[in-house]
Structures are given as structure tokens and as C-alpha cells.
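Hi there,

Here is the structure I promised to pass on to you. Have a look at it first, and then read on for my notes.

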Amino acid sequence: MTSASRADSVPGTGAPRRAPLTWAAAGIVALCASVAVAVTIGPADIRVADVWSVIAGHLGAGTTAGNVSPIRDGIVWDLRLPRTLLAAVCGAGLAVCGAVLQSLLRNPLADPFVLGVSSGASTGAVLVVVLGVGGGALSVPGGAFIGAVCSFALVMLLSHGLGGTTDRVVLAGVAAMQLFSALTSFVVMTAADAETTRGVLFWLLGSLGGAGWSDVWTTTAVLVLVLTVCLGYARTLDAFAFGQDAAAALGVHVGRTRLVLLCATALLTAALVASAGAIGFVGLVLPHAVRALTGPGHARLLPVCALAGAVFLVWVDTLARTVLEPQEVPVGVVTSLIGVPAFVLVLYRTRRAR
């Protein structure tokens with residue numbers, strides 16, 4: 001063991017931890033500043049001071065009377081702030097899921113959609129919108145969540161039947177993704193009218209336009225729960241970096257750990273897709289960038305990944321809703337335009353590493 005690794009494992013040495021803590025502190029500051037500034041960007045003239053005044057007023061720490069008009073108060077509190085916060089939560093959740101899956105499956109190209117969860121969620125949402133499944137008692141997010149759970153159950157069933165190894169999980173996820181994508185396309189093409197088809201396709205590409213406070217609270221609760229679970233398995237994820245056999249030799253219950261973490265990431269992905277649609281490449285690209293800053297230790301990697309993903313998607317959503325104003329670009333389109341070159345770079349680095 002090197003002196004650096006000994007210092008990292010002994011409490012109180014501190015030196016190897018300063019950089020990750022610095023990045024975490026910088027991430028918190030950047031996230032708060034990004035949210036405050038992003039809310040001001042748009043057709044209405046709103047200042048950062050107005051944003052803080054509105055927030056303080058609604059939280060009971062001050063009053064907006066005489067400072068911000070009711071119209072601006074509504075724009076900030078009812079429209080822009082929940083949308084921006086939902087973007088932050090979705091970015092954080094997708095990045096955390098990507099980091100966990102890449103370590104758990106030992107695949108640098110794994111991301112939250114490798115399990116086919118997003119495709120299943122899309123199918124569930126389309127069945128509710130186009131065919132009216134649920135008879136009006138089931139909302140679009142509810143349908144998306146049920147579809148995501150069904151997709152994940154199918155992946156677990158297929159992977160177990162094929163042997164349960166990590167590569168079999170990935171292959172089962174690809175199969176489920178193709179199946180549910182085909183089902184979604186079939187339903188849209190055969191049963192939806194032109195207007196419904198346009199709305200469904202826009203949502204499938206990722207949209208935060210309908211964000212409300214209920215979406216923010218629900219996704220935040222799921223994110224906190226899953227992040228807590230994943231942090232509890234941080235040392236176990238570190239052991240998976242050496243392979244399943246090495247992890248088992250270190251006392252890790254491989255099958256149980258994989259099931260818990262796969263279920264946790266599937267739950268979080270389902271909640272995010274149900275609220276914002278399918279937003280790709282965030283979970284694929286950001287974990288690689290953050291590892292270069294913090295190192296591979298998951299106790300440091302996961303919190304910084306969450307902050308980096310939150311800041312990233314806040315600005316991507318801001319760009320998506322303003323670049324072609326008044327027309328809005330789906331968030332998933334912008335993340336794909338940014339993510340594809342980064343994906344090619346990851347492929348190139350993976351090939352060189354071999």
C-alpha cells in the first residue's frame with residue numbers, strides 16, 4: 001500500500017481529502033448561484049434580488065410586498081423556480097445513477113438507461129395518454145412509473161435466467177429497451193392523432209416545461225433516499241472496481257449488493273423519467289469527468305457527481321428554453337448534442353486503455 005492510499009484510509013490525515021471537499025464546496029456554491037441566475041433568464045425582466053425576495057417571502061422569512069409585483073412573484077415561484085429545481089434534481093439523480101452503474105457493472109459506457117427503465121417508463125406514459133389506460137385514475141407520471149417498474153422486473157427476470165452476470169444484465173437491459181421502444185412507437189403510430197403524437201414525442205425527448213412543486217418534492221425525496229443508500233454502499237462499490245471475485249473475497253455479498261443497488265437506481269431513474277421524460281447522456285458523461293477531479297472513491301465521487309449533474313442540467317435547461325425563444329427545444333436533444341462528442345471521447349479513451 002502506498003503512502004497516499006494509507007493517508008486516504010486513515011481518519012485525520014486529511015490531505016488526500018482536501019481536493020474532493022474543495023470541489024464539493026465549489027459545487028454547492030455553483031449550484032446555488034446557477035439556480036438564482038437561471039431563474040432570472042427569460043422574457044420577463046427579473047433580477048437575482050427579486051428571486052431571493054420571492055423565496056424569502058414564500059418561506060416566511062420576509063415579504064415580497066412592495067418589492068416584487070404579483071405577476072413576477074408568480075413567474076418566479078410557480079413557473080421558473082420549480083422548473084429549475086427539478087432540472088437540478090434530475091441532473092443530480094442521473095449522474096449518481098450513472099456513477100453507480102458504471103462501477104457496479106464494470107462498464108464505462110453504462111448509464112441509467114442501460115437497464116431499459118426509461119423505455120418502459122415511456123411506454124407506460126404513452127399508454128395512459130394515447131389509450132387512456134387507467135380510466136382517468138392513473139396520471140402520466142403514474143403510468144410512467146408503472147412502466148419503468150415492469151421494464152426493470154423484465155430485465156431482472158431475463159438476466160437471472162441468463163446467469164445473472166453483469167454482462168447479462170446489460171444485454172437484458174438492451175433487449176428490454178428495444179422491446180419497450182418498439183411498443184411505444186407502435187402505440188403512437190397506430191392510435192394517436194397528430195396533436196397527441198407531437199406532445200408525446202416532445203415529452204419522450206425530455207421536457208421540464210410542466211414542472212410543478214409536487215414533482216420537485218417527489219423526485220427530491222427519492223433522490224435523497226437513493227443517494228443515502230448508495231453512500232452506505234460506497235466501500236462496497238470501491239471493492240467492485242477489482243471485479244466480482246475480488247469483492248466476494250473481501251466479504252461482499254455480490255448478489256444481494258447488486259440487487260439492492262440496481263433496484264435503487266431503477267427506482268430513481270423511474271421517478272426522474274416520470275417527471276421529466278427521457279434525458280440521455282447525463283449519467284454517461286458526468287461520472288467520468290468527476291472521477292478525474294475526485295478519484296474513484298465513491299464516498300467522495302457520488303456527492304460531487306450529484307452537484308455536477310445538478311449544475312449541468314440547470315444550464316442545459318436554461319439553454320433549451322431560451323436559445324430558440326419562444327419555441328422550446330427538448331432538454332434531451334440538447335444533452336444529446338453535448339453528450340455525443342463526449343461519448344465518442346469515452347469510447348476512444350476506453351479503446352486506448354485496452
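To start with, how many salt bridges does the structure hold? The structure holds 3 of them. Please keep in mind that this is a predicted model, and that the values below are computed from it.

**Salt bridges**

Let's begin with Arg-47 and Asp-50, which form a salt bridge with their closest N and O atoms 3.0 Å apart. The two partners sit in contrasting surroundings. Asp-50 has a relative accessibility of 7% and counts as buried, whereas Arg-47 is exposed, with a relative accessible area of 52%.

The other salt bridges to look at involve Arg-83. Arg-83 pairs with Asp-317, and here the closest N and O atoms are 2.9 Å apart. This pair links distant parts of the chain, since Arg-83 is in helix H4 and Asp-317 is in helix H14 (residues 298-322), 234 residues apart. Is Arg-83 buried or exposed? At 8% relative accessibility, Arg-83 counts as buried. Asp-317 is buried as well, at 1% relative accessibility.

Arg-83 also forms a salt bridge with Glu-328, with 2.8 Å between the closest N and O atoms. Glu-328 lies in the loop between H14 and helix H15 (331-353), while Arg-83 is in helix H4, so this salt bridge ties together parts that are 245 residues apart in sequence. Glu-328 is partly exposed, with a relative accessible area of 22%. Through shared partners, salt bridges join Arg-83, Asp-317 and Glu-328 into one network.

**Aromatic rings**

Next come the aromatic pairs, and the count comes to 2. As a reminder, a pair of aromatic rings is described by the distance of the centres and the angle of the planes. Why is the pair of Trp-77 and Trp-213 called tilted? The ring centres of Trp-77 and Trp-213 are 4.7 Å apart and the planes are at 35°, so the pair is tilted; planes under 30 degrees apart would count as stacked, and planes over 60 as edge-to-face. Trp-77 lies in helix H4 (residues 70-104) and Trp-213 in helix H9 (residues 213-232), so the pair ties together parts that are 136 residues apart in sequence. Both Trp-77 and Trp-213 are buried.

Trp-213 has another ring partner, Trp-217: this aromatic pair is stacked, with 5.6 Å from centre to centre and 25° between the planes. Trp-213 and Trp-217 both lie in helix H9, 4 residues apart, which is about one turn of the helix. Trp-217 counts as exposed, at 57% relative accessibility. Taken together, the ring pairs link Trp-77, Trp-213 and Trp-217 into a cluster.

**Cysteines**

How many disulfides does the structure hold? The structure holds 0 disulfides. A disulfide is a covalent bond between the sulfur atoms of two cysteines. For Cys-97, the closest cysteine sulfur is in Cys-230, 7.0 Å away, and that is too far for a bond; the cut-off for a disulfide is 2.5 Å between the sulfur atoms. Seen from the other side, Cys-230 is in no disulfide, and its nearest cysteine sulfur is that of Cys-97. Cys-97 counts as buried at 1% relative accessibility, and Cys-230 counts as buried at 0%.

**The nonpolar core**

Which residues touch the most other members of the largest nonpolar core? Of the 99 residues in this core, Leu-115 and Leu-262 do. H4 gives the most to the core, with 18 residues. If you would like to explore around Leu-115, leave aside its neighbours within four places in sequence; its contacts then include Leu-101, Phe-152, Val-155, Val-169, Ala-176 and Leu-262. Ser-151, Gly-173 and Thr-265 are also in contact with Leu-115.

**A buried arginine**

One last residue to find is Arg-258, which lies in helix H12 (residues 254-276). Arg-258 counts as buried, at 9% relative accessibility. Not counting residues up to four places away in sequence, Arg-258 touches Leu-104, Gly-164, Thr-165, Thr-166 and Gln-244.

Enjoy exploring, and write back with any questions!

Best wishes

Key
Residues numbered from 1 in each chain as written. Predicted model: local features only at pLDDT ≥ 70, side-chain atom pairs only at ≥ 80, totals over all residues. Heavy atoms only, no water. Phe/Tyr/Trp six-rings, centres within 6.5 Å; stacked < 30°, edge-to-face > 60°. Helix = DSSP H or I, 4+ residues; strand = E, 2+ residues; numbered from the N terminus. Buried < 20%, exposed > 50% of the residue type's maximum accessible area, 1.4 Å probe, protein only. Contact = heavy atoms within 4.5 Å. Salt bridge = Lys/Arg side-chain N within 4 Å of Asp/Glu carboxyl O. Core = buried A, V, L, I, M, F, W, Y, C linked by side-chain atoms within 4.5 Å.
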